[in-house]
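The following exercises ask the reader to work through a structure step by step. Each task is followed by a worked solution.

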Amino acid sequence: MTKLHRRRQRMDNAPRAPLALAAAVAALMLAQFLAPAGPANGQEQDALPAAQQTPGSLDAEQGRETFLKYCSACHNELRKVGPYLAGGAGYFVQAGLPARDFGSLLARKVRNKDATSVMPRFNPDEVSSADLDNIGYFLAQTGAGLAGLDHRNPPAPLIGSAEAGAGSYARHCQICHSPDAMGKESVPPLAPEAALMQELGLPASALHGLLLWACRSGDLEQMPVYSSGDLSDQELADIAAWLWETTPEAE
Ligand code: HEC
Ligand code: HEC
């Protein structure tokens, strides 16, 4: 404190006193604000309480705050920059993906920067995996609500048939995504998505959710929108099962 006072006196005489004084007062107020914090004082300010970092204890409120801070400017319902993630999350709940897996689902995008994407990459020291789990939980909860579902009690995942899926894929998707699901020109490959999900420890319902979102939501401008009459949920689960077995690694 005495040091601050001394500095303040010196600054009072300086030509740019008002600004420097404001800074000194702010520093003093910050010091006072931090002082009564008690035993936790020595901890890093932005560290999450330990209880929230253990897997299995998810905090939707924490997730909402982190989402507002880092993501919502681009991922809101206006859909001007990126897709409306809360709306999209409902498709993954519908596919039966458990709420605890949504963090890994986000990691697929948040930790990987591809050349064509404007989506920034976030490092773990900025957005930790506990943060991602909480954001995922928040999105699962919100998306389930929007879809009229309960995130704590998602529908049972549909079991897909890879054999049936090969036929449906050939009829509906291969014209754009190519027969080996490796994409072409401006059409993204789908097989590596399955491989990446497997690497992240996600179940096949995550891929089914991605297909439901891509085919039903209308969020992707160049994707045709398929109603469940055009292509049923079961057929999309079949295509997901086929892609799950056709990952580049499995060959
Ligand atoms: C500067 C804008 C911006 C910010 C900030 C941003 N994103 Fe994105 N994000 C995008 C855009 C644009 C896309 C669409 C696809 C692309 O360009 O890669 C996207 C795509 C995604 C997708 C994939 C949807 C799909 O195509 O499968 C996820 C998941 C995602 N973002 C999560 C997040 C999370 C979580 C955060 C915050 C930690 C975040 N994003 C912050 C712009 C942003
Ligand atoms: C008319 C061409 C066309 C057809 C047919 C088509 N797609 Fe797409 N698909 C695209 C394009 C282009 C994109 C890139 C996103 C965009 O810009 O719309 C895309 C994106 C996707 C994505 C998102 C990939 C990612 O990484 O986020 C998935 C999943 C997908 N398609 C699945 C399918 C499935 C399953 C079928 C068949 C039922 C299908 N698509 C049929 C053109 C097509």
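**Exercise 1. A loop serine**

Task: Determine whether Ser178 is buried, exposed or partly exposed, then place Ser178 in the chain and examine its backbone.

Solution. The model under study is predicted.
Step 1. Count the surroundings: 16 other C-beta atoms lie within 10 Å of Ser178.
Step 2. Apply the cut-offs: a residue is buried at 20 or more such atoms and exposed at 12 or fewer. Ser178 is therefore partly exposed.
Step 3. Locate the residue: Ser178 belongs to the loop between H9 and helix H10 (191–199).
Step 4. Inspect the backbone: phi of Ser178 is near 75 degrees, a positive value in a residue other than glycine. Most residues other than glycine have a negative phi.

**Exercise 2. A loop arginine**

Task: Carry out the analysis for Arg79, giving its phi and its location.

Solution.
Step 1. Phi of Arg79 is near 60 degrees, and this value is positive although the residue is not glycine.
Step 2. The loop that holds Arg79 runs between helix H4 (60–70) and helix H5 (85–94).
Step 3. Arg79 counts as partly exposed because it has 14 C-beta neighbours inside 10 Å.

**Exercise 3. The chain as a whole**

Task: State how many helices and strands the protein chain has, and what share of its residues is buried.

Solution.
Step 1. The protein chain contains 12 helices and 0 strands.
Step 2. Of its 251 residues, 33% are buried.
Step 3. Consider contacts between residues at least 6 apart in sequence: 73% of these join residues at least 24 apart.

**Exercise 4. The two sides of helix H8**

Task: Identify which residues of H8 are buried and decide how they are arranged around the axis.

Solution.
Step 1. Gly165, Ser168 and Tyr169 are buried in H8.
Step 2. These residues cover an arc of only 105 degrees around the axis, so they lie on the same side of H8.
Step 3. Recall the general geometry: an α-helix has 3.6 residues a turn, so residues three or four places apart point the same way.
Step 4. Turn to the other side of H8, where Glu163 and Arg171 are exposed.
Step 5. Ask what covers the buried residues of H8: H9 and H12 are included in this cover.

**Exercise 5. The packing of H8 and H12**

Task: Describe how the axes of helix H8 (residues 162–172) and H12 cross, and which residues make the contact.

Solution.
Step 1. The two axes come within 7 Å and cross at roughly 105 degrees.
Step 2. Angles of 65 to 115 degrees count as roughly perpendicular, and H8 is therefore roughly perpendicular to H12.
Step 3. On the H8 side, the contact is made by Ala162, Ala164, Gly165, Ala166, Ser168 and Tyr169. H12 contributes Glu235, Asp238, Ile239, Ala240, Ala241, Trp242 and Glu245.
Step 4. By class, the contact comprises 8 nonpolar, 2 polar and 3 charged residues.

**Exercise 6. The shells around the ligands**

Task: Establish how many residues surround ligand 2 and which elements give two or more residues to its shell.

Solution.
Step 1. Ligand 2 is surrounded by 21 residues, of which Cys173, Cys176, Ala214, Leu220 and Gln222 are the closest.
Step 2. Helix H9 (174–177) and helix H11 (204–216) are the elements that give two or more residues. The largest share, 4 residues, is from H11.
Step 3. The shell around ligand 2 holds 15 nonpolar, 4 polar and 2 charged residues.
Step 4. For ligand 1, there are 19 residues around it, with Cys71, Cys74, Gly82, Ser117 and Met119 coming nearest.
Step 5. Helix H6 (residues 102–110) supplies the largest share of the shell around ligand 1, 3 residues. That shell divides into 15 nonpolar, 3 polar and 1 charged.

**Exercise 7. Leu212 and Pro224**

Task: Determine whether Leu212 is buried or exposed, and whether Pro224 is buried, exposed or partly exposed.

Solution.
Step 1. Leu212 lies in helix H11. Leu212 is buried because 23 other C-beta atoms are within 10 Å.
Step 2. Beyond its neighbours within four places in sequence, Leu212 is in contact with Tyr91, Gln94, Ala95 and Leu236.
Step 3. Asp233 is 21 residues from Leu212 in sequence, and their C-alpha atoms are 7.5 Å apart.
Step 4. Pro224 lies in the loop between H11 and helix H12 (233–245). With 13 C-beta neighbours inside 10 Å, Pro224 is partly exposed.
Step 5. The C-alpha atoms of Pro224 and Ala214 are separated by 8.8 Å, the two residues being 10 apart along the chain.

Note on methods. Residues numbered from 1 in each chain as written. Chains lettered and ligands numbered in written order. Predicted model: local features only at pLDDT ≥ 70, side-chain atom pairs only at ≥ 80, totals over all residues. Near = placed C-beta within 6 Å. Nonpolar A, V, L, I, M, F, W, Y, C, P; charged D, E, K, R; others polar. Contact = placed C-beta atoms within 7 Å. Axes fitted to C-alpha atoms, helices over the stretch in contact; angles between N-to-C directions. Parallel < 35°, antiparallel > 145°, perpendicular 65-115°, else oblique. Arc of directions from axis to C-beta.
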